[in-house]
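Reader: Got a minute to walk through this fold with me? I'd like to start with the strands and then move on to the holes.

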Amino acid sequence: MSISRRQLLASAAALPLRAESARPLKIVVTGGHPGDPECGCGGTIARYAALGHRVALLYLNRGEGFCGGAAPGRCAPIRTAEAEAACRLLKARAVFAGQYDGRAVVDSQHYDDFARLLAAESPDVVFTHWPIDRHPDHRAVSMLTLDAWLKAGRKFALYYYEVAEDTMMFTPGEHVDISGVESVRRAACYAHGSQRPEKWYPKQVEITRFRGAESGFAQAEAFLRHWESPGGVLP
Ligand SMILES: [Zn+2]
């Protein structure tokens with residue numbers, strides 16, 4: 001494949017950003033539901049927080065559609081509390097985009113609303129779902145995030161992540177060693193007790209063991225960076 005001059009310049013412009021930089025970076029991880037950012041990026045989030053960077057988890061909705069045995073009308077407060085508990089464990093902050101679980105809307109109004117919400121965080125680095133995914137809410141937040149990145153002038157680093165069972169056809173290019181923070185990630189995922197983490201967490205561990213084998217670590221999370229966005233900012 002060939003790389004255009006503009007893409008080369010975009011990469012070069014990114015060089016000053018560093019995960020070890022003296023200035024705390026602002027990191028935002030967008031996800032379809034409470035639990036998605038923790039599942040796909042929990043180890044990386046923990047590593048950023050340990051380096052003193054500020055992390056926000058931006059959920060498209062509050063998981064209104066399912067919370068185990070409780071009536072659906074009770075799910076939003078239950079899952080909001082779970083998300084906030086997970087964020088405390090990861091030393092992150094929860095932000096909610098106000099959409100409804102399973103009924104994601106992607107239109108010009110929602111593109112504008114989401115871009116405003118993300119711009120208010122003034123992020124240096126954003127992670128989102130890889131868009132080829134079984135769940136429409138995951139696809140939606142991926143599109144909303146890409147649009148916000150374009151509206152922001154492609155200034156922040158944009159990385160795609162994977163989640164167990166839903167992500168398809170994902171070939172990441174950069175790996176983060178999460179071996180030393182795996183217990184933190186596990187605790188953050190198990191904070192989502194209504195989602196029966198014992199069912200899906202082991203599948204996420206299979207992924208991170210596989211990504212670890214690819215990169216020489218016990219466990220790793222792996223990402224694909226939009227190549228027109230700044231790089232060099234993974235912990
Ligand atoms: Zn989800």
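Reader: Which residue is the bridge partner of L58 in β3?

Author: V95 is the bridge partner of L58 there. Keep in mind that this is a predicted model.

Reader: How many bridges join β2 and β3, and in which sense do they pair?

Author: Five bridges, in the parallel sense. β2 covers residues 54-61.

Reader: What is the strand order in the whole sheet?

Author: Seven strands run in the order β3-β2-β1-β4-β5-β7-β6. The sheet is open, and its pairing is mixed.

Reader: Why do β3 and β6 each have one side without a neighbour in the sheet?

Author: β3 (93-99) and β6 (174-177) stand at the edges, and each has a single partner strand, so one side of each lacks a neighbour in the sheet.

Reader: What about twist, on average?

Author: The average is 30 degrees from one strand to the next.

Reader: Which helix packs on the sheet by β6 and β7?

Author: That's α7. Its direction makes about 75 degrees with that of β7, which spans 220-225.

Reader: Move inward. How many β1 residues are buried?

Author: Five of the six, so β1 counts as mostly covered. Six bridges join β1 to β2, and the two run parallel. One of the pairs there is K26 with R54 of β2.

Reader: And on the β4 side, how many bridges does β1 have?

Author: Three, again with the strands running parallel. β1 takes in residues 26-31. I27 has V125 of β4 as its bridge partner.

Reader: Is β4 itself mostly covered or mostly open?

Author: Mostly covered: five of its five residues, 125-129, are buried. β4 also pairs with β5 (157-161), in the parallel sense, over five bridges. T128 stands opposite Y160 in β5.

Reader: Quick one on Q99. Where is it, and is it buried or exposed?

Author: Q99 sits in strand β3. Its relative accessible area is 10%, which is under the 20% cut-off, so Q99 counts as buried.

Reader: What does Q99 touch, leaving aside neighbours within four places in sequence?

Author: Its contacts are L60, N61, R62, E64, A104, V105, H110 and L144.

Reader: Now M168. Where does that one lie?

Author: M168 is in the loop between β5 and β6. With a relative accessible area of 27%, M168 is partly exposed.

Reader: Which residues does M168 touch, beyond four places in sequence?

Author: W130, I132, D133 and R134.

Reader: How far is M168 from E214, C-alpha to C-alpha?

Author: 18 Å. Along the chain, M168 and E214 are 46 residues apart.

Reader: Switching to helices. At what angle do α2 and α3 pack?

Author: About 35 degrees, with axes 9 Å apart. From α2, the contact uses E38, G42, I45, A46 and A49, while α3 (75-90) brings A83, A86 and L90. By class, that contact has six nonpolar residues, one polar and one charged.

Reader: Okay, holes. What is the volume of the largest pocket?

Author: About 440 Å³. It has 19 lining residues, and those nearest its centre are H33, D36, D166, Q195 and W200.

Reader: How does that lining divide by class?

Author: Six nonpolar, six polar and seven charged residues.

Reader: Which helices each supply at least two residues of the pocket lining?

Author: α2 (36-50) and α7 (197-215) each do.

Reader: And cavities? How many of 30 Å³ or more?

Author: One. The largest cavity holds about 40 Å³ of space.

Reader: What lines the largest cavity?

Author: G40, E162, Q204, I207, T208, R211, A220, E221 and A222. α7 and β7 are the elements that give two or more residues.

Reader: Which element gives the most to that lining?

Author: α7, with four residues.

Reader: And how does the cavity lining divide by class?

Author: Evenly: three nonpolar, three polar and three charged.

Conventions: Residues are numbered from 1 along each chain as its sequence is written. This is a predicted model: local features need pLDDT of at least 70, side-chain atom pairs count only at pLDDT 80 or more; totals for chains, interfaces and linings use all residues. Side-chain values use heavy atoms; hydrogens and water are left out. On a 1 Å grid over the protein atoms alone, a cavity is a set of points where a 1.4 Å probe fits but cannot get out, and a pocket is an open set with protein on both sides within 12 Å along at least five of seven lines; lining residues have an atom within 4 Å of a point. Grid points are joined across faces, edges and corners, and a volume is the space filled by probe spheres set on the points. Ala, Val, Leu, Ile, Met, Phe, Trp, Tyr, Cys and Pro count as nonpolar, Asp, Glu, Lys and Arg as charged, and the others, Gly among them, as polar. Two strands pair if DSSP finds at least two bridges between them. Axes are lines fitted to C-alpha atoms, for helices over the stretch in contact, and angles run from 0 to 180 degrees between N-to-C directions. Contact means heavy atoms within 4.5 Å. Buried means under 20% relative accessible area, exposed over 50%, partly exposed in between (1.4 Å probe, protein chains only).
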